[in-house]
Amino acid sequence: MNIGRRINDARRFVMHRVAEGIGKTNLSKGAIDSNQVRRVLISRPNHRLGNQLLLTPLIQELTERFPGCKIDLFVKGSAGPIIFQNYTSVDRIMKLERKPFNHLFNYLKGWTQLQKSTYDLVINVVHNSSSGRIAAQFARGRFKLFCEEDPSILEKHPDAIHMAKYPVYYLRNYLPAASADDRPVPRVDMKLSAEELKIGAAKLHEIVPNTKKSISIFTFATGDKMFGTDWWEKFYTALLNAFPDHNIVEVLPVENVSQLNFKAPSYYSKDIREISAFIANTEVFIGADSGMMHLASASLSPTLGLFAVTKSDVYAPYGGGSRAINTEQTSIDDLIQLIRGAIKQ
């Protein structure tokens, strides 16, 4: 194990020990006075693209429930300002360094930002995040929600197990009874502008002709979430045979690698908003559980997420024809039929 990994493990151990006993919501259900919530803090100090995108349903819910409220975010890494740039309710994004011991002063300075404002509502989004609970506890706020597991929420809303949905259902539990409802949880959404979508269409048509509609695929993923070259070769052949009237375009990862050995027309960019707009101009996206899958879902294009080892009920794309596909239980032929259904949405 390298020294960086050891230091990070030590940091996690310390954070876990410090967080012991922290993180209990001390409110009765229905206690939040929604008329007095003007400033909100969301605590999610995690750098992963997907985990930050999964905050967007909660931000939409807060904006609707508390019109005119200003939302601050406590996150990690540099993606936040890019992801949330079109969310007008997001006021300040406080960022922790991804590698704290490489930038120790800035990392410690990031924590001090939490004391610069007083909030009407503080929400720690993931209860098992030690740093998230510490941040919520350290922040100054009137109401604090720590999103502990509540069996009554899961019993009433089985889909609440989803990481993006649970904080929304949890929040609703603490609003006045008159505000309670069963409307669907908002979708994961990048809020792409009309100009961004126009640029995405132009990028797509630089690669493939605009005389055909397009299907986008993503063949990469980290660790054991990635499907092998044999699987992708078979699937790509099936796609070509099943959809001769469509372009098949591969969206490449930042590593610029392909499980298809670049056989399909391919698109590469490091601009996550441009990537999302590119995918938004395709009829359907197919790819393994990854940040790119969540980015595709946030484009509002129908997204079919491929799952084999991770929990699809926690991370599945949803809404607008999107869904998780268990590849252990779904053949390639069945997947082709699901793609046909998604295109028809």
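This report walks through a predicted model of one protein chain, from its overall build to one helix pair and two loop residues.

**The whole chain**

Let's start with the big picture. The chain has 14 helices and eleven strands. Its radius of gyration is 21 Å, close to the 20 Å that the globule rule gives for 345 residues, so the chain is as compact as a globular protein of that length. If you boxed up the C-alpha atoms along the principal axes, you'd need roughly 60 × 55 × 40 Å. Buried residues make up 52% of the 345 residues. As for who touches whom, take the contacts with a separation of 6 or more: 63% of them are between residues 24 or more positions apart.

**Helix α8 and its surroundings**

Now zoom in on α8, which covers residues 166-173. Is this helix mostly buried or exposed? Seven of its eight residues are buried, so α8 is largely enclosed by the rest of the structure. The buried set is Tyr166, Pro167, Val168, Tyr169, Tyr170, Leu171 and Arg172. What covers them includes α3, β4 (118-124), β5 (140-145) and α7 (151-156).

**How α3 packs on α8**

Of those neighbours, α3 (residues 56-65) is worth a closer look. Packed helix pairs are described by the angle between their axes and the distance between the axes. Here, the axes of α3 and α8 come within 8 Å and cross at roughly 25°. That angle is under 35 degrees, so the two helices count as roughly parallel to each other. Their crossing is right-handed.

Which residues meet in this contact? From α3 you'll find Pro57, Leu58, Glu61, Leu62 and Arg65, and from α8 there are Pro167, Val168, Leu171 and Arg172. By class, the contact has six nonpolar, no polar and three charged residues. The spacing along α3 is easier to read with a bit of helix geometry in mind. An α-helix has 3.6 residues a turn, so residues three or four places apart point the same way.

**Two loop residues with positive phi**

Finally, have a look at cysteine 147 and asparagine 256. Cysteine 147 isn't a glycine, yet its phi is positive, and the same goes for asparagine 256. Here they are side by side:

| Residue | Phi | Loop | Relative accessibility |
|---|---|---|---|
| Cysteine 147 | about 55° | between β5 and α7 | 5% |
| Asparagine 256 | about 55° | between β7 (246-251) and β8 (266-267) | 37% |

With those values, cysteine 147 counts as buried, while asparagine 256 is partly exposed. The loop that holds cysteine 147 runs between β5 and α7, and both of those elements are also among what covers the buried residues of α8.

Methods: Residues are numbered from 1 along each chain as its sequence is written. This is a predicted model: local features need pLDDT of at least 70, side-chain atom pairs count only at pLDDT 80 or more; totals for chains, interfaces and linings use all residues. Side-chain values use heavy atoms; hydrogens and water are left out. Axes are lines fitted to C-alpha atoms, for helices over the stretch in contact, and angles run from 0 to 180 degrees between N-to-C directions. Helices (H or I, at least four residues) and strands (E, at least two) are DSSP runs, numbered from the N terminus. Angles under 35 degrees count as roughly parallel, over 145 as roughly antiparallel, 65 to 115 as roughly perpendicular and the rest as oblique. A crossing is left-handed if the near helix is turned anticlockwise from the far one by less than a right angle, and right-handed if clockwise. Contact means heavy atoms within 4.5 Å. Ala, Val, Leu, Ile, Met, Phe, Trp, Tyr, Cys and Pro count as nonpolar, Asp, Glu, Lys and Arg as charged, and the others, Gly among them, as polar. The radius of gyration is taken over C-alpha atoms; the globule rule is 2.2 Å times the number of residues to the power 0.38. Buried means under 20% relative accessible area, exposed over 50%, partly exposed in between (1.4 Å probe, protein chains only).
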